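Hello,

Here is the structure I promised to pass on. My notes follow below it, and I hope they help you find your way around.

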Amino acid sequence: MSRLEIKLKVNGRSRSFAIAPGEVLLDVLRREGYHGVKRGCETGECGACTVLVDGRAINSCLMFAAQADGCSLLTIEGIAQGDRLDPIQEAFLDTGAVQCGFCTPGMILNTKALLERSPQPTETEVRDMLAGNFCRCTGYTKPIEAVLTAAILVGGLKGSRTASTAKRKPR
Amino acid sequence: MMPWIESFQRPTTIPEALQLVRRGGRRARFVAGATDVLVQADPSTRILVDVTRLKLNYIKRQGKGWAIGAATTMAALEQSKEMQRLADGILAQAAATCGSVQNRNLATIGGNLANASPAADSAPPLLVLDAEVVMVGPKGRRRLPLTKFFRGVRKTALNGALLVEVFIPPLPKGRAAWSFHKLARLASDISVVNAAVGLGLDGKGNCQWARIALGAVAPTPFRLLEVEKRLQGKRLDRALVEQACAQVGEQVRPITDVRSTSSYRREMSGVLVRRALLECAEGMGHKL
C-alpha cells in the first residue's frame, strides 16, 4: 500500500499530510493535532467530527482524506481571532449551551456554515441543522437559543445591526 | 476508515475512470460522497475510483427537461431554486431529508441511486417524474428508465458502468400537483416508508393521470401501476381515494426490521399515498 500526499489549507495555514489511501479525514486531523475534531460514532450520525471543507459542514469520519486534497478546511481551533472568540463561541457561552462540551465544536462549525448561507435563519432551519449534531447533555433548548443569538451577533458584526442594539432573549 | 484500501484514484475524465474500474475488476468500486461506501466498509473493496472530479456536478435545462449530473449533492438539489419549483419541489424536498446537513453536503444523487437501497429517498420522486438514468460503460453511453434501473436490494443495471446523469423529461401538460411524503423517526432518518405522487385533474375533478411510487416497502423503490390505472379517468372523490389506498396495501411487499414491522409498513403505505393524493387534490383546489 502506497502512501499519498495531500496538500490542503487548515485554518488558513498551508499543510501537507502523508496519508493512507483508505484513511478518513477525522483520523488524519486528529493525528496532526487537531483534537477539537471529536471522534464519536464514526458512522456519520453524531456530528462530533464536523469540520468545514470549503465552507461546507461535513462529518470528517465520512470523508476520505484523499478527497480533501486542494481544499480549505476550518476546524474549531481556527475559529477564534487570536484571543478574541468568534461571536458564535460567545453566543454558546452566554446562553449556557455548553455542558460537557463534546458536541460543541461540531455545533459551532455547523452554525458558522448555516449563518454564511442563511444569515437570519428561522428556528426550523436551526433545528434541521442541529439534527446533525447529537447532544446528550443540554437537550437542545440552549443550543437553539445560542444559534439564534449568534445570528444576531454575527449580523451585528457584519454591520447590518450592531450587537449592542440586537435583541437578546431575556434570561 | 478502510485500512485495506490499496489505492485511491482521482481521475478527471470519464474514460479514465472507467478504465481504472475495469482494470481493478471486483476489487474496484466507484466512490462519490462516500457516505454509503464508508458505512458499509466492504472488505473486498481494495481500489476506490473517485468520480467527484468528472464535472458531473450540475443541474441544467436539457431540451424541455432537466439534466442532473450524478455527482450533484443532495444539498445542491435542496438549495436549487429550479428544483424547489419543479413539480412542487418534490425532488428538492426528498433531497432535504437525506440525512443531516453534513451528510447532504457529501451525498450525491448518483450515489443514492447506485447504492440501490430500498429506502433511497430520491427514488420515489424521480420515479413519478418518469426520470431516466444515463450510464457510460465500456460499450458506450446508454439511457434507461429508472423503473428498469433497480434490480433488487442493492442491485442495479449498472454492471460496471458509471451512472453519469439523471434526466427528468418535461412534465405532463395541464393542471397537475405533486407530493412527497416520508415516514421516519426524524425527517433526516432512514425512511420507514417514503412515497411520491403526481396527479393530473381536469376542470371537473376527473383524474387525467396519476403516478404513484413507494420506497422501503419492497426490494426496490417502485411504481404502483395498477393503482395508477384504477384512478385514471375517474372522478376523484373520497371513495375512489379509499379504494386506491386499500389496493396499495396489496401491492407492497414490506419486511420487518429494526425500523418497523412489515404490517406497520403495509398500513402506512396506504396512509402515505392517501396523504399525498389529498395534498395534490388540495393543491389544485379540488374539494373531496
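A word on terms before the tour: two residues are in contact if their C-beta atoms, placed from the backbone, lie within 7 Å. Helices (H or I, at least four residues) and strands (E, at least two) are DSSP runs, numbered from the N terminus. Please keep in mind that this is a predicted model, in which local features need pLDDT of at least 70 and side-chain atom pairs count only at pLDDT 80 or more, while totals for chains, interfaces and linings use all residues. Residues are numbered from 1 along each chain as its sequence is written, and chains are lettered from A and ligands numbered from 1 in the order in which they are written.

Let me start with helix 10 of chain B. This helix covers residues 238–251, 14 in number, and reaches 20 Å from its first C-alpha to its last. That is close to the expected 20 Å at 1.5 Å a residue (1.5 Å times one less than the number of residues). Its buried residues (20 or more other C-beta atoms within 10 Å of their own; exposed means 12 or fewer, partly exposed in between) are B:A244, B:V248 and B:Q251. They cover an arc of only 65° around the axis, which puts them on the same side of helix 10 of chain B; the arc is that of the directions from the helix axis to the C-beta atoms. These buried residues pack against helix 9 (225–231) and helix 11 (262–283) of chain B. The face turned away from the buried side carries the exposed residues B:R238, B:A239, B:E242, B:A246 and B:E250.

Next, strand 13 of chain B (residues 207–215): 7 of its 9 residues are buried, so it is largely enclosed by the rest of the structure. It runs antiparallel to strand 12 (residues 193–201) of chain B, with 8 bridges joining them; strands pair if DSSP finds at least two bridges between them. Across that pair, B:N194 has B:G215 as its bridge partner. The hairpin of strand 12 and strand 13 of chain B has 5 residues between the strands, and B:G205 takes a positive phi near 85° there. Strand 13 of chain B is also joined to strand 14 (residues 222–223) of chain B, antiparallel, by 2 bridges.

Finally, the two chains meet: 23 residues of chain B are in contact with 26 residues of chain A. Helix 6 of chain B gives the most to chain B's side, with 3 residues.

Best wishes
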